[in-house]
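User: Hi! I have a structure open on my screen and would like to walk through its fold with you. Could we begin with a residue in a loop and work outwards from there?

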Amino acid sequence: MKNALKYLVIIGLILCSAGMASAHFTMIFPSDDESTVFDVSPEDFIADLGEEKTVYIIWGHPYEHILFDLEPAPTVSAYKPDGSVEELEVSQISVPGQDEEGNDGEFVAYKASFIVDQMGDSIVAVKYVSEEEELVDYTKTIIHCGEEVWEGWDATVGQETEVVPYVRPYGMEEGFVFSGKALYEGKALSDSIVEVEKYHTLEAGRQIVEDAEALFPYDAPMVFTRQVKSDADGDFVYTLDEPGIWYVGATKENEGEYSVRGVLELPVLEAFPIEETPVETVILSEEGAEAEEEEEEEEEEGEESTSAPGFEAIFAVSGMLAVLCLTRRK
Ligand SMILES: [Cu+2]
């Protein structure tokens, strides 16, 4: 009996760790303020000319918001629109988060800053080598500067494995189809797995993981990390169906050696033009319900005092008009 229990625990542990095997990513979060770095939004990827941009480099599972220590220090470079490269000095910081077991903790991360001194698109590129994951991880993201200065977003920065976007990675809205090309040493990386994953804040991550595990108990991580394959030319497509920060990464598997991955991090805007939010809909229907109640009350009064025909219709029409007026005022 004791032995059976031991085996159950072991099997449980194996299942648990298998369930945790979703994708690590090197997250690059531009932010003005270290205390709000996890509330990253598409606006953080926009810069004014002359602005100092600070990027925070964090290692973890974006979808579940699980963090790990980022060690050793990453290499961070800024590729400017004119082709020049600035190697950035990194400094170690500590960020709060949850570990794989869901416990709160502090994690080693890094930050680096540079001045956005040219109009156009600067590319922040990070190289991180994870011994644990046996992975050389190249991640890049685009900092955009200047109205209608849409230059530089499709540049290659010479990462060993690199994702080159076919779609300009700013101004993308939820539901847009993203397509890109995976390169390895400058040539098409064909027939390779491309992972696609969205970032969540800690609270949102905990909730969505709970929901996913309830809905898909047989394989919840299948919705954390999506997969698509590159074709013979290294090309791939994927629909980014939600607003937020996304990771799109192609991996070159190397037998017996570290895998080499190239990841593009890109922000996706909420659908534009803005549709009426569910909050407004709720208020509206409440007002609608109020109007209906009034209508009913008036109807009852009408029934008591008089049986003149047409009263109900008049009240119904005026009720609808009231609802319409309320709607117009929104
Ligand atoms: Cu992972």
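Analyst: Happy to! Please keep in mind that this is a predicted model. Let's start with Glu148, which has 6 other C-beta atoms within 10 Å.

User: Is Glu148 buried or exposed?

Analyst: The count for Glu148 is 6 other C-beta atoms within 10 Å. A residue is called exposed if that count is 12 or fewer. Glu148 is therefore exposed.

User: Where does Glu148 lie, and what is its phi near?

Analyst: Glu148 sits in the loop between S9 and strand S10 (161-165). Its phi is positive, although the residue is not a glycine. The value is near 60°.

User: And His65, is that one buried or exposed?

Analyst: His65 also has a positive phi without being glycine, near 55°. Its place is the loop between strand S2 (52-61) and S3. Around His65 there are 20 other C-beta atoms within 10 Å, and 20 or more is the cut-off for buried. His65 is therefore buried.

User: Which prolines follow a cis peptide bond?

Analyst: One cis bond runs from Glu71 to Pro72, with omega near 0°, and Pro72 is in the loop between strand S3 (66-68) and strand S4 (75-79). Another joins Phe272 to the proline after it, with omega about 0°. That second proline is in the loop between strand S17 (259-268) and helix H4 (278-305). The names you want are Pro72 and Pro273.

User: Now the sheet: which strands stand at the edges?

Analyst: The open sheet has eight strands with mixed pairing, in the order S5-S4-S8-S9-S17-S16-S13-S14. Each edge strand has a single partner, so one of its sides is left without a neighbour in the sheet. The edge strands are S5 (85-88) and S14 (225-229).

User: By how much are neighbouring strands of this sheet turned against each other on average?

Analyst: The angle is taken between neighbouring strands of this sheet, with direction ignored. On average it comes to 20°.

User: How many bridges pair S8 with S9?

Analyst: S8 covers residues 120-130 and S9 covers residues 135-145. The two pair in the antiparallel sense, and Ala125 has Lys140 in S9 as its bridge partner. The number of bridges is 11.

User: Which residues stand opposite Val196?

Analyst: Strand S13 (residues 193-198) runs antiparallel to S14, with five bridges joining them. Five bridges also join S13 to strand S16 (residues 244-252), again antiparallel. Opposite Val196 you will find Arg226 in S14 and Val248 in S16.

User: Which residues have the most contacts inside the largest nonpolar core?

Analyst: Nonpolar side chains tend to be buried together in soluble globular proteins. Here the largest nonpolar core has 58 residues. Those with the most contacts inside it are Ile57, Ile58, Val124 and Val248.

User: What is Ile57 in contact with, leaving aside its neighbours within four places in sequence?

Analyst: Ile57 is among the residues with the most contacts inside that core. With the sequence neighbours set aside, its contacts are Thr26, Ile28, Leu70, Pro74, Val76, Ala109, Tyr110, Lys111 and Val126.

User: Finally, how many helices and strands does the chain have?

Analyst: Of the 330 residues in the chain, 32% count as buried. Among contacts between residues at least 6 apart in sequence, 68% join residues at least 24 apart. The secondary structure comes to five helices and 17 strands.

Conventions: Residues are numbered from 1 along each chain as its sequence is written. This is a predicted model: local features need pLDDT of at least 70, side-chain atom pairs count only at pLDDT 80 or more; totals for chains, interfaces and linings use all residues. A nonpolar core is a set of buried Ala, Val, Leu, Ile, Met, Phe, Trp, Tyr and Cys residues joined through C-beta atoms within 7 Å. Two residues are in contact if their C-beta atoms, placed from the backbone, lie within 7 Å. Two strands pair if DSSP finds at least two bridges between them. Helices (H or I, at least four residues) and strands (E, at least two) are DSSP runs, numbered from the N terminus. Axes are lines fitted to C-alpha atoms, for helices over the stretch in contact, and angles run from 0 to 180 degrees between N-to-C directions.
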